[in-house]
Amino acid sequence: MSSRSYLGEFELMVMLVLIRLGEDAYGVPIGRAIEESSGREVALGSVYAALERLEQKGFVSSSVGDPTPERGGRAKRYFRVTNAGLRQVRKTRQTLIGLWRGLPQLERGRI
Amino acid sequence: MSLSKPPALATWMLEHLALGSDDALAGDLLEDFDHRLSAGWYWRQVLMAIFVGFTKEIGRQWRAAVFAFAWIIVSVNALHVVYQTYLTRHMLGWTSDWPQSIIFAMGLEISPLFLLWWFGLALYLLMMRSFTLARFARGVIVSVFCMLLMFGTYLLVRGTVIRHVVAAFPRHTTTWIEFEMIRFIFLTPAFLALLLSLCATLPTTAMRRAARIRNSK
């Protein structure tokens, strides 16, 4: 796995949230979903930085919606996972499962 | 602290200081603020967006960052030579009364650093094959502003800091401690100030993107 295609921990979280949200994935629900799962406040600036990196890697694509009054006339930016992104998530999952298999003591909570 | 509207200053800072962020982030923060109604949350989000934007821009301007780092090392060592010269003259008795003495001392300490920085700015522009008088002048103005801010802060805090450092290192002289402070404590702000000056001389990422869009039409 090259460093260019490697998914970091936060990037993987963002990818999984994007897959879960489907067509409705934009900044606010992405941030909230990560907050609910991790239990800590998430900076939307960091979420956008991760999405920008993922888009540069070709794992995510984005499109701009219509401006709305409750957002001060600003448009939403919707994100979706590309086929290359889905392949990368599966690959990362296999790698992580393989690494976990070698550590049974962690699964039993000994350390 | 809860509000019905987000702090105006924070919104202004987001719009003007968060490099590389688009309207979508500002819209998301406004939308989410309607649910949270927390000024503290909004401020944290804005400051983080500014920090993330700044670190991204540093990554894009890596040539400027490397050059600024190398040039600061050169400048600080040159300052060392100048300061030693000043000390030598002081020991020989070449001093004046106040206020000429402080003007002489500050001029001797600051002006070579300015000259070195401006030489560095010109050299950087020439290396990037982007030298124009307008860009150089912009860099000079930013460097003067940043340096004055830096030295102003230094003059404000140095008395208190030196007292604490002298108490911690009783075997060293005040002059030695002060010199070491100039060398090391101000390396980081000096680096940032020079980096900002260098970045100000060249078109920003946003300007380059706009030019690309104009050219593609």
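Is B:Leu37 buried, partly exposed or exposed? I looked this one up first: B:Leu37 is partly exposed, because 14 other C-beta atoms lie within 10 Å. My cut-offs are 20 or more other C-beta atoms within 10 Å for buried, 12 or fewer for exposed, and partly exposed in between, with C-beta atoms placed from the backbone.

**Ground rules**

I am working on a predicted model, where local features need pLDDT of at least 70 and side-chain atom pairs count only at pLDDT 80 or more, while totals for chains, interfaces and linings use all residues. Residues are numbered from 1 along each chain as its sequence is written, and chains are lettered from A and ligands numbered from 1 in the order in which they are written.

**Loops with odd phi**

B:Leu37 sits in the loop between H2 and H3 of chain B. I noted a positive phi of about 50° there, although B:Leu37 is not a glycine. B:Arg129 also drew my eye, with a positive phi of about 55° and again no glycine. I found B:Arg129 in the loop between helix H5 (100-127) and helix H6 (133-168) of chain B. B:Arg129 counts as exposed, because it has 6 C-beta neighbours inside 10 Å.

**Chain by chain**

For elements I use DSSP runs numbered from the N terminus: helices are H or I of at least four residues, strands are E of at least two. Chain A comes out with five helices and two strands, in the order α-α-α-β-β-α-α. Chain B has nine helices and zero strands.

I then checked burial: buried residues are 29% of the 111 residues in chain A, and 20% of the 217 residues in chain B.

Contacts were next, where two residues touch if their C-beta atoms, placed from the backbone, lie within 7 Å. Of the contacts in chain A between residues at least 6 apart in sequence, 46% join residues at least 24 apart. In chain B, with that 6-residue minimum, 79% join residues at least 24 apart.

**Helix pairs**

Two packed helices are described by the angle between their axes and the distance between the axes. My axes are lines fitted to C-alpha atoms, for helices over the stretch in contact, and angles run from 0 to 180 degrees between N-to-C directions.

In chain B, I took helix H1 (residues 8-17) against helix H3 (residues 39-60): the angle is about 15° and the axes are 9 Å apart. H1(B) and H3(B) are therefore roughly parallel; the classes are under 35 degrees for roughly parallel, over 145 for roughly antiparallel, 65 to 115 for roughly perpendicular, and oblique for the rest. B:Ala10, B:Met13, B:Leu14 and B:Leu17 in H1(B) meet B:Tyr42, B:Trp43, B:Val46, B:Ala49 and B:Ile50 in H3(B). The residues of that contact are nine nonpolar, no polar and no charged. Here Ala, Val, Leu, Ile, Met, Phe, Trp, Tyr, Cys and Pro are nonpolar, Asp, Glu, Lys and Arg are charged, and the others, Gly among them, are polar.

In chain A, the axes of H1(A) and H2(A) come within 10 Å and cross at roughly 115°. A:Met13, A:Val14, A:Val17, A:Leu18, A:Arg20 and A:Leu21 in H1(A) meet A:Pro29, A:Ile30, A:Ala33 and A:Ile34 in H2(A). I get nine nonpolar, no polar and one charged residues for that contact.

**Cores**

A nonpolar core here is a set of buried Ala, Val, Leu, Ile, Met, Phe, Trp, Tyr and Cys residues joined through C-beta atoms within 7 Å. The largest has 35 residues, and A:Val14, A:Leu18, A:Ile30, A:Val47 and A:Leu51 have the most contacts inside it. Helix H1 (9-21), helix H2 (27-38), helix H3 (44-57) and strand E2 (74-81) of chain A, plus H1, H2 and H3 of chain B, each supply at least two residues of this core. H3(A) gives the most, with seven residues.

I pulled up A:Ile30 too: leaving out residues up to four places away in sequence, A:Ile30 touches A:Val14, A:Val17, A:Leu18, A:Leu21, A:Ala25 and A:Val47. A second, separate core of 15 residues includes B:Ala64, B:Phe67, B:Ala190 and B:Leu195.

**Where the chains meet**

Which element gives the most to the side of chain B that touches chain A? The contact takes 17 residues from chain B and 15 residues from chain A. H2(B) gives the most on the chain B side, with 11 residues. By class, that side has eight nonpolar, three polar and six charged residues.
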